[in-house]
Amino acid sequence: MSLQDIKNSIRNVPDFPKQGIQFKDITTAIKQPKILKETLEMMAEHYKNQQIDYVVGVESRGFIFGAALAYMLGCGFIPVRKKGKLPAEVLSQEYSLEYGTDKIEIHKDALNKGDKVLMVDDLLATGGTTQATVELIKKTSADIIGFAFMIELDDLNGRAILNKTAEVFSLIHY
């Protein structure tokens, strides 16, 4: 199995969610057991010696990779959710969207000072959601040691923002 096999398994959906967007649909990839397994194994291999305490996954596709990767690395999983979805006391971070703003949240007691955190999501575009998650994690005083993505859209330059915080690792580039 190669990176090209993984890339070939990702469906491109033109004009979704709006005109001019070429949506990278991972559902065609992750429904294939060999593709899902290889994707997770490549991510785990990259981080296996970094003594990660927690994988943080961003709602919702970050949960797909994040929980499985946490299991493979022998660490805990922390979900970052949209506003109003977590039941206990939370920390919130607002961020900008093309059409307004949104908020993401993490449980206030999810992380502690010095915890080593790997952030995981399916796709890196502009880096806006991930940067908002960085701000949430900073509020906990945990240490971000890396960012892992299945896909990176290179032309949108999200890497430039995130590289100021930690290493960015992406399997597939468009």
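Helices (H or I, at least four residues) and strands (E, at least two) are DSSP runs, numbered from the N terminus. The model shown in these close-ups is predicted, so local features need pLDDT of at least 70, side-chain atom pairs count only at pLDDT 80 or more, and totals for chains, interfaces and linings use all residues. Residues are numbered from 1 along each chain as its sequence is written, and side-chain values use heavy atoms, with hydrogens and water left out.

**View A. The loop between E1 and E2.** Here we look at the loop between strand E1 (11–14) and strand E2 (22–25), which is where Pro-17 sits. Phe-16 and Pro-17 are joined by a cis peptide bond, with omega about 5°. Asp-15 belongs to the loop between E1 and E2 too, and its phi is positive, near 60°, in a residue other than glycine. With a relative accessibility of 35%, Asp-15 counts as partly exposed (buried means under 20% relative accessible area, exposed over 50%, partly exposed in between, using a 1.4 Å probe and protein chains only).

**View B. Aromatic pairs.** Rings of Phe, Tyr and Trp (its six-membered ring) pair if their centres lie within 6.5 Å; planes under 30 degrees apart count as stacked, over 60 as edge-to-face and the rest as tilted. By that rule, the model has three aromatic pairs. One of them is Phe-16 with Phe-23: the ring centres are 5.2 Å apart and the planes are at 85°, so this is an edge-to-face pair. Phe-16 is partly exposed at 43% relative accessibility, and Phe-23 is partly exposed at 22%. Tyr-47 and Phe-169 also pair edge-to-face, with centres 6.0 Å apart and planes at 85°. That pair ties together distant parts of the chain, since Tyr-47 is in helix H3 and Phe-169 is in strand E9 (residues 167–173), 122 residues apart. Both Tyr-47 and Phe-169 are buried.

**View C. Lysines over Tyr-174.** A charge sits over a ring if NZ of Lys or CZ of Arg is within 6 Å of the ring centre and within 35 degrees of the ring normal. Lys-7 has its charged end over the ring of Tyr-174, 4.7 Å from the centre. Lys-24 lies over the face of Tyr-174 as well, at 4.4 Å from the ring centre.

**View D. Helix H4 and what covers it.** H4 (residues 61–73) has 13 residues and reaches 19 Å from its first C-alpha to its last, close to the 18 Å expected (1.5 Å times one less than the number of residues). Its buried residues are Gly-62, Phe-65, Gly-66, Leu-69, Ala-70 and Leu-73. Seen down the axis of H4, these fall within an arc of 130° (taken from the directions from the helix axis to the C-beta atoms), so they line one face of the helix. Their cover, with contact meaning heavy atoms within 4.5 Å, includes helix H2 (27–30), helix H3 (33–47), strand E3 (54–58), strand E4 (76–82), strand E7 (116–124) and strand E8 (143–152). Ahead of the helix, Ser-60 lies in the loop between E3 and H4, and the peptide bond from Glu-59 to Ser-60 is cis, with omega near -5°. After H4 comes Gly-74, with a positive phi near 70°.

**View E. The nonpolar cores.** A nonpolar core is a set of buried Ala, Val, Leu, Ile, Met, Phe, Trp, Tyr and Cys residues joined through side-chain atoms within 4.5 Å. The largest one has 26 residues, and those with the most contacts inside it are Tyr-47, Leu-73, Leu-118 and Met-150. H3, H4, E7, E8 and E9 each supply at least two residues of this core, and H3 gives the largest share, five residues. Apart from it lies another core, of 23 residues, among them Val-80, Tyr-95, Ile-104 and Phe-147.

**View F. Met-150 and Ile-6.** Leaving aside neighbours within four places in sequence, the contacts of Met-150 include Ile-6, Ile-10, Met-43, Phe-65, Asp-121 and Leu-171. Ile-6 is found in helix H1 (residues 3–8) and is buried, with a relative accessible area of 0%. Again not counting residues up to four places away, Ile-6 touches Ile-35, Glu-38, Thr-39, Met-42, Met-150 and Ile-172.

**View G. Asn-157 before H6.** Asn-157 is placed in the loop between E8 and helix H6 (158–162). Its phi is near 60°, a positive value in a residue other than glycine, and at 47% relative accessibility Asn-157 counts as partly exposed.
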